[in-house]
Amino acid sequence: MTAAQILGEVFYSIIGLVFILVGVKALKDEGCSKKYTTAAFWFLLAFTFICGPWVPKWLVGAAIVVMACLTAIGGVVQSKNDVPDPATVRANADKFGYKIFIPAGCIAFVAVVGATLGSKVPALSWLTANNAIGLSGVVALIAALLLTGAAPKYAAVDGARLMDNVSTTGILPQLLSALGALFTAAGVGDAISHYVSMVVPENNILIACFVYCLGMALFTMIMGNGFAAFSVIMVGVGVPFLINKGADPIIVGALGLTAAYCGTLCTPMAANFNIVPAALLETKSKYSVIKSQVPFAVAMLLCHVVLLYVLAF
Amino acid sequence: MLIRLIGVAIVVVGLVLKFDTIATVVLAGIVTGLVGGMSIMDILTTLGNSFVSQRTATLFVLTLPAIGICERYGLKEKAIDFIRSIKSATAGRVIMVYETIRTLAAAFSIRLGGHPQFVRPVVVPMAEGAAVAKYGEINAEMSDVIRGGSAGAENYGNFFAQNCFMGSSGTLLIAGFLAETLGLGETGSIAIEVAKWSIPVAVISMILGLVRSIMIDKQLEKMAGKGGDK
């Protein structure tokens with residue numbers, strides 16, 4: 001193993017540790033009715049992160065299936081969190097002022113600068129882009145602890161609290177890229193492109209760009225989830241009709257997900273972004289937010305088609 | 001040929017019927033593998049392999065302890081203070097200022113919160129306050145325009161700028177997909193490129209947001225009719 005890989009595994013083990021903390025928090029919560037199934041989910045997830053590379057891969061696959069069963073029966077819930085008291089937070093905010101943005105800003109800064117240096121300076125070759133993201137988290141944490149003088153245990157307490165807030169859906173991007181790989185291995189992309197090619201004329205790039213962006217948005221509107229739409233449409237349309245015809249895969253990928261978000265703006269299926277806020281803001285119609293967003297979404301989607309056509313080829 | 005799409009159908013039906021997302025995705029994967037002629041062992045191995053190599057997509061967890069501590073020490077409160085300190089003459093401008101801040105925060109991976117923490121307690125009162133100062137009085141229709149527009153600003157800033165940070169989960173999903181399915185190289189280095197090519201969309205989103213905020217002001221003026229001061 002190279003130094004870069006070893007450091008990478010260290011970071012994945014730290015992530016695993018955060019998952020273990022969430023599980024332990026659930027076990028300690030006497031008021032949590034589903035503490036055993038919740039803890040089991042987080043411990044299994046920690047297992048895939050810490051031991052994943054060293055055990056037979058079917059074992060990881062089996063762990064994922066068990067985790068899916070646990071979420072399917074509604075067995076994974078949030079446990080009690082140590083939420084900071086609003087008055088204390090207000091007092092802290094007045095004490096530290098805008099300086100509190102420094103550690104937060106460190107994350108983006110260290111990640112980008114670290115990754116750039118790592119790719120340019122041979123002595124820093126261990127600093128891969130992945131490791132730079134990990135390093136940015138560590139630097140930001142140290143900066144936060146130094147600035148606030150918080151007890152180091154809050155790194156664990158607050159890390160577990162936010163992870164619990166993100167909840168099980170936090171692993172969705174990872175799971176969906178795995179699904180994309182499985183779809184490709186099973187020939188799903190060939191099947192979709194077989195049907196799409198009945199409607200889309202061969203080698204008409206502009207129409208392909210349009211179908212790709214519109215497909216992303218429509219699938220997102222139906223499913224309410226841009227990440228899921230991305231995996232499906234990328235396999236079925238993006239790869240065969242754009243990337244295999246010479247489009248830059250990076251640009252196809254980058255524009256694909258934001259095209260999907262244009263769909264998110266228009267669908268009641270994405271309740272968290274559209275319906276819940278309407279209720280929260282007590283608008284007259286529960287569709288007020290969607291109604292306000294549709295013209296923007298349509299304009300944005302058309303911009304995506306143009307950008308894709310101009311930039312990717 | 002059609003049977004191969006059963007996995008896609010499962011994802012669509014599962015999510016539309018609001019079944020558990022993780023279970024739906026895993027089920028779709030297993031069924032797709034089975035109709036594709038893979039054995040259970042093959043499927044578990046492929047799933048496990050991709051899951052382990054895609055751990056990159058969950059790297060954002062490493063930033064949570066730092067963000068959590070910053071929140072404990074007033075990150076969101078100071079962001080609210082900052083937005084409140086900006087004086088804007090019209091509702092549209094208040095909304096635009098918020099969209100700008102939200103866009104920059106998303107691009108720098110600073111998780112600001114969203115509708116419950118910012119839009120309802122801060123943006124909407126400020127925008128409605130500006131409208132009342134300008135038109136004297138606002139009716140329920142005008143209020144709906146302002147509220148819908150404010151909620152939208154939150155979504156635009158959040159959605160279209162977050163991929164500008166290489167460590168955001170969306171960027172890592174894209175990069176992970178390209179690395180895993182197309183074999184383009186290390187996920188992290190692809191993520192830098194994806195983040196770079198996400199900038200044009202973020203810029204366009206700001207421009208469209210500006211146009212929209214001007215239109216909101218025009219619409220409010222029209223709705224206020226002769227009651228306005230201009």
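Tutor: Let's start with a term we'll need: two residues are in contact if their C-beta atoms, placed from the backbone, lie within 7 Å. And keep in mind that this is a predicted model.

Student: Okay, which residues is Gly157(B) in contact with, leaving aside its neighbours within four places in sequence?

Tutor: With that rule, Gly157(B) is in contact with Glu99(B), Arg102(B), Thr103(B) and Ala106(B). Gly157(B) itself sits in helix α8 (residues 140–161) of chain B. Another residue to look up is Ile101(B): its C-alpha atom is 8.0 Å from that of Gly157(B), with the two positions 56 residues apart along the chain.

Student: Why is Gly157(B) called buried?

Tutor: Count C-beta atoms. Buried takes 20 or more others within 10 Å. Gly157(B) has 26, so it is buried.

Student: And what makes Glu282(A) count as exposed?

Tutor: The cut-off there is 12 or fewer. Glu282(A) has 12 other C-beta atoms within 10 Å, so exposed it is. You'll find Glu282(A) in the loop between α13 (271–280) and α14 (288–311) of chain A. It also has a positive phi, about 55 degrees, although it isn't a glycine.

Student: Where does Lys18(B) lie, and is Lys18(B) buried or exposed?

Tutor: Look in the loop between α1 (6–16) and α2 (21–35) of chain B. Lys18(B) has 11 other C-beta atoms within 10 Å, so it is exposed. Its phi is positive too, at about 60 degrees, and Lys18(B) is no glycine either.

Student: What about whole chains? How many helices and strands does chain B have?

Tutor: Chain B has 11 helices and 0 strands. Now set its radius of gyration against the globule rule: the rule gives 17 Å for 230 residues, while chain B comes out at 23 Å, well over that, so chain B is more spread out than a compact globule. Along the principal axes, its C-alpha trace spans about 75 × 40 × 30 Å.

Student: What share of chain B counts as buried?

Tutor: That's 61% of its 230 residues. And take the contacts in chain B between residues at least 6 apart in sequence: 71% of these join residues at least 24 apart.

Student: How is chain B divided into domains?

Tutor: There's domain 1 (1–53) and domain 2 (61–166 + 197–227). The C-alpha centres of these two domains of chain B lie 39 Å apart.

Student: Now chain A. What elements does chain A have?

Tutor: 14 helices and 0 strands. Its C-alpha atoms fill a box of roughly 65 × 60 × 40 Å along the principal axes, and 53% of the 313 residues count as buried. The domain assignment splits chain A into domain 1 (3–72), domain 2 (86–166) and domain 3 (171–311). Between the centres of domain 1 and domain 3 of chain A, taken over C-alpha atoms, there are 31 Å.

Student: How do you know that the span of helix α10 (residues 205–223) of chain A agrees with what is expected?

Tutor: The expected span is 1.5 Å times one less than the number of residues. For the 19 residues of α10 of chain A that gives 27 Å, and the end C-alpha atoms are 27 Å apart, so the two agree. Just after α10(A) comes Gly224(A), with a positive phi of about 75 degrees.

Student: What do the buried residues of α10(A) pack against?

Tutor: In chain A they pack against α9 (188–199), α11 (226–242), α12 and α14, and α1 of chain B joins in as well. Among those buried residues are Tyr212(A), Gly215(A) and Phe219(A).

Student: How many residues are in contact between the two chains?

Tutor: 106 residues of chain B are in contact with 121 residues of chain A. On the chain B side, that's 59 nonpolar, 34 polar and 13 charged residues.

Student: Last thing: what pLDDT does chain A average?

Tutor: The average is 91, and 100% of the residues in chain A score at least 70. Among the elements of chain A, helix α12 (residues 249–264) has the highest mean pLDDT, 97, and helix α8 (residues 172–185) the lowest, 82.

Key: Residues numbered from 1 in each chain as written. Chains lettered and ligands numbered in written order. Predicted model: local features only at pLDDT ≥ 70, side-chain atom pairs only at ≥ 80, totals over all residues. Nonpolar A, V, L, I, M, F, W, Y, C, P; charged D, E, K, R; others polar. Domains from an automatic or database assignment. pLDDT = per-residue confidence, 0-100. Helix = DSSP H or I, 4+ residues; strand = E, 2+ residues; numbered from the N terminus. Rg over C-alpha atoms; globule rule 2.2 N^0.38 Å.
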